[in-house]
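Reader: I am new to this structure and would like to see how its labels are earned. Could you take me through a few of them?

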Amino acid sequence: EDEDEDEDEDEEEEDEVLYTTSVGACRTEDGGKAGLTFFRDTDCLLRCSTNATCTGYVMGETWCETYYHEYVTGDGRTEYECHEKEGDWKKDEDKDEEDEEETEDYVSYTTSIGACRTEDGGKAGLTLFSDTDCLLRCSTNEKCTGYVMGETWC
């Protein structure tokens, strides 16, 4: 029986979709809109995670967008977060020195479903804020290892 449980856990881990978060709305390298589709709901994490051709999403308070271009990244606007789906399809190009210098201070996050917890289920030094400024707060604090966003809190 224990072997069956281990196999089920392995299958669940294989199905997990991971995202890298960058600051800004998702755009292509040349600033294009990356095949965006706008929705008047907040179901884009689920929508993108279950669609093999979706490459990223952005969430608003009452809306969201999904993207369908092979490369997306945030355009730098601090009012948005681009969640880029990780995977084998992702470009693996060498960057020149200039690109490396520009992204030296770049912070990225992996998005997952659920609250952030330690491996043993602990709250990992949780601090609650009654605003939605945690992306900026965490990106500028080298001791911060992650954050959770609610509609009016983080």
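**Two threonines, label by label**

Author: Gladly! The side chains of threonine 66 and tyrosine 68 are joined by a polar contact of 3.1 Å. This is a predicted model, where local features need pLDDT of at least 70, side-chain atom pairs count only at pLDDT 80 or more, and totals for chains, interfaces and linings use all residues. Residues are numbered from 1 along each chain as its sequence is written, and side-chain values use heavy atoms, with hydrogens and water left out.

Reader: What makes the link between threonine 66 and tyrosine 68 a polar contact?

Author: A polar contact is a pair of N or O atoms within 3.5 Å; within protein, one must be able to donate a hydrogen and the other to accept it, and residues adjacent in sequence count only if both atoms are side-chain atoms. The 3.1 Å between these side chains therefore fits the distance limit.

Reader: Why is threonine 66 called buried?

Author: Its relative accessibility is 0%, and buried means under 20% relative accessible area, exposed over 50%, partly exposed in between (1.4 Å probe, protein chains only). So threonine 66 counts as buried.

Reader: And why does threonine 28 count as buried?

Author: Threonine 28 has 9% relative accessibility, so it counts as buried too.

Reader: Which side chain does threonine 28 join by a polar contact of 2.4 Å?

Author: That partner is the side chain of aspartate 30. In addition, a polar atom of the threonine 28 side chain lies 2.7 Å from the backbone nitrogen of glycine 32.

Reader: How far apart are threonine 28 and glutamate 70 in space?

Author: They are 8.4 Å apart, C-alpha to C-alpha, and 42 residues apart in sequence.
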